[in-house]
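Q: I'm a first-year student learning to read protein models. Could you walk me through one part of this one closely, and then show me how it sits beside the rest?

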Amino acid sequence: MTRVLAPVSGRVVGLAGVPDPVFAQAMVGPGTAVDPVRGPGEAIAPVSGRVVKMHPHAYVVVDEEGHGVLVHLGVDTVQLKGQGFELLAAEGDEVTAGQPLVRWDPARIEAGGRSPVTAVVALDATAEALSDVRESGEVEKGADLFSWL
């Protein structure tokens with residue numbers, strides 16, 4: 001079983017709270033989302049494993065069980081072409097859960113007219129494979145968001 005940690009602190013809103021139908025309808029996969037605390041901070045690895053995709057606004061970490069977890073920092077943030085993000089890791093890096101991977105400022109994203117809501121998605125999973133999925137409440141970075149069987 002894989003414990004998936006919150007990559008950012010904030011208010012859990014569930015995938016339905018992501019203002020993007022692709023994430024909100026779980027078309028990418030099941031999971032949840034966090035409306036992050038505004039202000040500069042670092043997004044962390046949700047699991048220990050290898051970074052298989054690393055973009056300024058999104059990353060995927062695959063654990064030793066083959067579970068790939070996507071963290072997408074904000075909505076339509078790909079359009080920023082990396083502005084406002086600083087990479088702290090690279091594709092191929094082995095990382096530990098809780099390790100900072102991207103430095104960003106959700107307030108700056110919001111000031112630019114985009115939502116900073118961060119989706120945390122279990123790739124290639126069914127909703128039934130997840131348990132204890134948080135859908136609401138406050139969460140601290142590094143706390144459990146869901147478990148993946």
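A: Let's begin with K81: its relative accessibility is 75%, so K81 counts as exposed, the cut-off being over 50%. You will find K81 in the loop between strand 7 and strand 8 (85–87). Keep in mind that this is a predicted model. The backbone is worth a look here too, since K81 is not a glycine and yet has a positive phi, near 50°. As background, most residues other than glycine have a negative phi.

D132 gives you another example to put beside K81. The phi of D132 is near 55°, again a positive value in a residue other than glycine. D132 lies in the loop between strand 12 (130–131) and strand 13 (138–139). With 64% relative accessibility, D132 counts as exposed because that value is over 50%.

Now turn from these loops to the buried side of the model. The largest nonpolar core holds 32 residues, and Y59, L73, L101, V102, W104 and L145 have the most contacts inside it. At least two residues of this core come from each of several strands, among them strand 7 (68–73), strand 10 (100–104) and strand 14 (144–148). A second core is separate and has twelve residues, including F23, A58, V117 and A119. In general, nonpolar side chains tend to be buried together in soluble globular proteins.

To see this up close, try L101. Leaving out residues up to four places away in sequence, L101 touches, among others, I44, M54, Y59, V61, L87, L88 and V95. E86 is also one of the residues that L101 touches.

Notes
Residues numbered from 1 in each chain as written. Predicted model: local features only at pLDDT ≥ 70, side-chain atom pairs only at ≥ 80, totals over all residues. Heavy atoms only, no water. Core = buried A, V, L, I, M, F, W, Y, C linked by side-chain atoms within 4.5 Å. Buried < 20%, exposed > 50% of the residue type's maximum accessible area, 1.4 Å probe, protein only. Helix = DSSP H or I, 4+ residues; strand = E, 2+ residues; numbered from the N terminus. Contact = heavy atoms within 4.5 Å.
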